[in-house]
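Visitor: Please place the model before us, so that we may go through it by question and answer.

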Amino acid sequence: MAADYVEWLRREGRIVIVGASLAGLRAAETLRAEGFAGELTLIGDEPYEPYDRPPLSKSVLLGKASPHHTELPHRWETDAKWRLGVAAAGLDLTARRVRLADGDEVEFDRLLIATGVRARPWPKEEEARLEGVFLLRTREDAAALYRRLKAGPRRVFVIGAGFAGSEVASACRESGIPVTVAERAGAPLVGALGGVVGAVAADLQTENGVDLRTHVTVTALEGDSVGRVRAVHLSDETVVEADVVVVSLGSVRNTEWLTGSGLGAGPRGIACDAGCRAFDFRGIVTDDVFVAGDVARSPHALFGYQFLSLEHWGNAVAQAETAAHNMICHGAERRPHLWMPAFWSSMFGVNIKSVGVPPMGEQLMITQGSLAERRFVGVYGCKGRIVAAVTFDNARWLEFYQRQIERGAPFPVEYPTLDRRPEGRRPVDADFPDPSLPTHGPMVTLSGYSPADQQLVFHPARH
Amino acid sequence: MRLVVDLNKCQGYAQCAFLAPDVFAMHGEESLIYNPRAEEEQRERVARAVAACPVQAITADGPDGSGGPATGSAREASDGR
Amino acid sequence: MPHASMTRRITDFANRADPYPVYEELRSTPVLHEEEGGPYIISSYYDIKALLHDPRVSSDAANLAAAGDDALASTEETGGLPPSFLRLDPPEHDRLRRIANSAFGPPHRPRRIDGLRGQMREIVTELIDAFGDAREIDVVDRFAYPFPVTVICRLLGVPREDEPRFRAWVDPLVATLDPETRRGTDADAATAAREARMQLGMYLSGLVEERAGEPRDDLLSDLVNSRGPDGSLTMMEVLSTAVLLLIAGHETTVNLITNGMLTLLRHPEILRRLREDPGLSVNIVEELLRYEPPVQLVPQRTCIADIEVRGVTIPKGSRIWLVLAAGNRDPERFEDPGRFDPDRGDIQHLGFGSGIHSCFGAPLARLETQIALSELARRLVDPRLVEDPPPYRPNAVLRGPRHLGIAFEGLR
């Protein structure tokens with residue numbers, strides 16, 4: 001890349017960002033903060049300026065915040081043209097044009113794709129349309145669900161006990177609403193944290209009055225004569241009456257608009273290199289198309305250079321900043337995206353945090369505290385190395401374990417630690433489900449070594 | 001006033017919940033919930049919370065939604081690279 | 001070793017007024033171990049931060065005693081009572097701290113500290129009004145000393161009419177905290193302190209019993225009546241916690257306020273800005289906690305496993321000193337660290353420590369100091385130092401001036 005091209009781009013080039021949520025906004029701010037003076041356009045399918053999603057399943061459902069007011073504060077003036085309420089519908093790589101759903105076209109010199117994910121809908125469309133069946137991803141979803149919860153439903157039925165589903169169940173119990181949770185695995189959170197920690201999450205739910213059904217799937221949603229949901233049929237032949245159903249089956253990556261574009265985009269996301277540059281479907285890296293946030297899958301040096309897809313708030317911010325930086329600098333100044341995967345959740349008054357990639361872990365050691373007390377640090381190991389850690393109400397120790405992961409420290413943890421209990425002396429099987437089975441949403445997906453996943457056959461979760 | 005907390009950074013020191021209890025609250029011993037849209041009259045308390053956060057996890061913006069650091073001088077500084 | 005005296009130079013009273021050159025020298029050997037059986041001294045920001053979050057580092061008083069206690073490590077003893085959570089490890093630390101917190105702050109008492117703001121202002125106003133016609137005062141005796149103890153009285157729920165008595169017991173008690181005083185041969189002072197401790201103990205027990213039968217909206221009532229999932233506190237634990245709040249919170253807040261006034265008087269331009277904009281006190285206090293932290297070092301830690309820091313192995317069982325004040329001026333972390341600059345965007349200081357033992361009373365100290373400094377700045381006309389540097393207390397850990405004489409032209 002000629003140096004003067006970069007200078008020209010920084011001065012008067014056109015940058016388009018598709019996706020106007022967390023990653024899109026932070027990328028736009030970074031571009032300006034780093035001196036991009038050209039034309040900047042953000043395209044977003046929702047008609048709102050960028051808002052924060054994590055509060056939607058927490059403070060909003062608890063009535064502590066309005067679903068309509070979680071807009072993100074701006075860290076920098078973006079001075080951008082906002083095309084909100086219109087989705088991108090296609091990409092022409094040769095002509096460097098994004099086609100919009102309203103037929104309009106926007107030209108770019110460099111493009112950032114940050115289209116994220118959407119909630120995976122209930123697969124039976126007719127049942128999904130029943131009144132009282134909700135998804136929870138957008139602020140409209142949250143507003144509608146909150147309205148219904150406030151009206152005092154007889155019973156809420158949550159399909160899927162991942163983090164989002166568990167948070168919904170937690171909010172219901174806190175509001176005194178009866179709730180049933182159905183999970184195809186043996187416990188909540190097993191896809192993300194494994195069966196041992198999942199068992200703790202299961203106890204947490206049942207003790208807080210959740211009617212938790214595991215090893216079951218939902219076979220049908222039953223409506224009444226006027227089209228309102230009234231019961232849920234389960235694979236064990238039981239039927240649960242419920243007037244609100246929350247479908248929490250993980251997410252679907254927003255890549256359909258790129259079909260036929262030539263990019264290496266598929267159901268698992270858009271492959272990019274460590275510098276956030278998108279691969280085309282042949283596995284050749286592009287120069288002008290960058291990817292960031294939930295929709296990206298990128299190789300990570302700490303985890304064997306496997307492609308990781310991370311549906312993590314912090315990853316969206318960090319990857320957006322790196323992508324934006326790399327978009328407007330010379331090759332030698334580019335930075336790799338080496339973010340340490342990290343996430344948090346909060347349910348039933350317990351703070352859950354994690355670093356690294358727990359699903360890589362074959363074994364688990366409780367190095368501090370105790371599972372029974374629900375205050376502990378769990379360390380995941382794989383092939384003799386520490387690859388992840390999780391804390392329940394023990395967040396202040398986590399940065400120690402993060403450094404252990406970064407330096408590839410040995411597993412099992414042989415040295416003594418404060419508050420080590422007898423249960424923590426030996427590693428146990430972390431008890432993750434068979435990775436070849438589809439789950440409804442571990443928040444990290446390891447997707448092998450191939451930059452192109454066009455040939456991948458995708459199995460939707462069977463619920 | 002808009003605000004966002006980077007809960008990856010948050011370690012539950014609760015300084016914000018002490019200093020601006022109408023905006024930030026502890027949910028259990030360690031997890032934080034907050035209102036991302038604080039009332040204007042909370043500005044002084046939110047400023048105390050932002051400064052006191054031991055992990056510097058809170059970002060708040062100005063009354064008109066404009067970013068705090070979006071000043072001309074700062075941009076010039078970063079232009080001069 | 002050519003300078004086998006670094007440990008001594010840290011404690012040397014001659015360096016009390018300005019310990020920072022010693023700390024700078026210290027940082028050139030980030031992990032310093034001078035003699036067999038002596039402490040490993042850690043002085044750079046990132047190492048201190050890492051060790052404060054390291055589960056192989058213990059705060060347990062018993063581990064410390066096994067490692068060979070020293071004079072510095074025992075400065076925060078509360079005297080006669082069981083060790084407070086400050087000197088315990090999880091899970092016991094966590095349990096006691098949770099119970100104490102349930103009476104002090106969120107989630108159970110989210111407004112207790114915020115609710116004291118009005119009273120803090122009143123107390124400050126009364127103390128400044130009491131300067132009267134004086135044109136020269138000692139900031140320590142007339143202001144920084146009485147302020148926090150009065151606030152603690154209100155927080156605990158000591159009736160106003162008892163406040164003078166309460167303070168009369170606390171004063172000699174706090175005086176004996178200083179290792180130099182304690183080591184001294186002043187038999188009268190020791191007797192006075194013993195007497196005061198007994199009186200205070202009896203008084204507090206009486207108050208606690210009263211509150212057990214008839215709870216009010218105060219911290220003691222909540223402590224004694226706490227019946228959460230963590231169980232309740234014994235009478236001794238209630239007293240120990242109350243005394244911890246009193247003692248640990250007292251000296252440090254006095255020093256923070258006094259160091260603050262001293263620093264502002266050395267930076268008249270910032271003092272002038274604070275007078276015009278009380279909101280600046282928020283950043284001033286954070287920068288003070290970096291620039292002149294009231295707890296200079298944490299000398300009570302030991303390691304329960306071998307720990308490698310910058311290629312040096314600290315063997316299991318060793319004592320560790322974490323020099324917070326040196327880390328706070330580490331150029332690897334802070335730009336121009338020796339400059340007092342409340343406008344710096346990044347003040348992630350170690351002034352209150354970090355990790356599970358981070359200062360329990362931090363929000364209280366913050367509010368007290370913000371209010372104290374902004375009111376002093378607003379009301380004193382043309383204040384200036386009478387003596388610079390002022391005389392310091394002997395204590396190297398809880399460092400601060402013994403007196404801070406200032407002159408001014410009147411009150412606004």
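Visitor: In which element is C:Glu308 found, and is this residue buried or exposed?
Guide: C:Glu308 is found in strand E6 (residues 307-309) of chain C; strands (E, at least two residues) and helices (H or I, at least four) are DSSP runs, numbered from the N terminus. A residue is buried if 20 or more other C-beta atoms, placed from the backbone, lie within 10 Å of its own, exposed if 12 or fewer, and partly exposed in between. C:Glu308 has 9 other C-beta atoms within 10 Å, and therefore it is exposed.

Visitor: What separates the C-alpha atoms of C:Glu308 and C:Thr29?
Guide: Along the chain, C:Glu308 and C:Thr29 are 279 residues apart. Their C-alpha atoms are separated by 15 Å.

Visitor: On what basis are such values given, and how are residues and chains labelled?
Guide: This is a predicted model, in which local features need pLDDT of at least 70 and side-chain atom pairs count only at pLDDT 80 or more, while totals for chains, interfaces and linings use all residues. Residues are numbered from 1 along each chain as its sequence is written, and chains are lettered from A and ligands numbered from 1 in the order in which they are written.

Visitor: Which peptide bonds of chain C are cis, among them the one that ends at C:Pro91?
Guide: C:Pro91 is found in the loop between helix H4 (61-66) and helix H5 (92-104) of chain C, and C:Pro389 in the loop between strand E10 (384-385) and strand E11 (405-407) of that chain. Omega is near 5 degrees for the bond from C:Pro90 to C:Pro91 and about 0 degrees for the bond that joins C:Asp388 and C:Pro389. The cis bonds thus include C:Pro90 to C:Pro91 and C:Asp388 to C:Pro389.

Visitor: Is A:His215 buried or exposed?
Guide: A:His215 is found in the loop between strand E12 (211-214) and E13 of chain A. Its phi is near 55 degrees, a positive value in a residue other than glycine. Because A:His215 has 12 C-beta neighbours inside 10 Å, the residue counts as exposed.

Visitor: What is phi of A:Tyr305?
Guide: The place of A:Tyr305 is in the loop between strand E22 (296-299) and strand E23 (307-310) of chain A. A:Tyr305 counts as exposed because it has 12 C-beta neighbours inside 10 Å. Its phi is positive in a residue other than glycine, near 60 degrees.

Visitor: Which residue stands opposite A:Leu221 in E14(A)?
Guide: Strand E13 (residues 218-223) and strand E14 (residues 229-234) of chain A run antiparallel and are joined by 5 bridges; strands pair if DSSP finds at least two bridges between them. In their hairpin, with 5 residues between the strands, A:Gly227 takes a positive phi near 85 degrees. Opposite A:Leu221 stands A:Val232.

Visitor: Which strands stand at the edges of the open sheet with the order E4-E5-E6 (chain A)?
Guide: This open sheet has 3 strands with antiparallel pairing. Each edge strand has a single partner strand, so one side of each is left without a neighbour in the sheet. The edge strands are strand E4 (88-92) and strand E6 (105-107) of chain A.

Visitor: Which residue stands opposite A:Asp92 in E5(A)?
Guide: E4(A) and strand E5 (residues 97-100) of chain A pair in the antiparallel sense over 4 bridges. Opposite A:Asp92 in E5(A) stands A:Arg97.

Visitor: Which element gives the largest share of the largest nonpolar core?
Guide: A nonpolar core is a set of buried Ala, Val, Leu, Ile, Met, Phe, Trp, Tyr and Cys residues joined through C-beta atoms within 7 Å. Of the 251 residues in the largest one, A:Ala27, A:Val245, A:Val246, A:Val291 and A:Ala292 touch the most other members. The largest share of this core, 16 residues, comes from helix H13 (residues 235-266) of chain C.

Visitor: How many residues of chain A are in contact with chain B, and which element gives the largest share?
Guide: Two residues are in contact if their C-beta atoms, placed from the backbone, lie within 7 Å. By this criterion, 32 residues of chain A are in contact with 30 residues of chain B. The largest share of the side of chain A that touches chain B, 3 residues, comes from E24(A).
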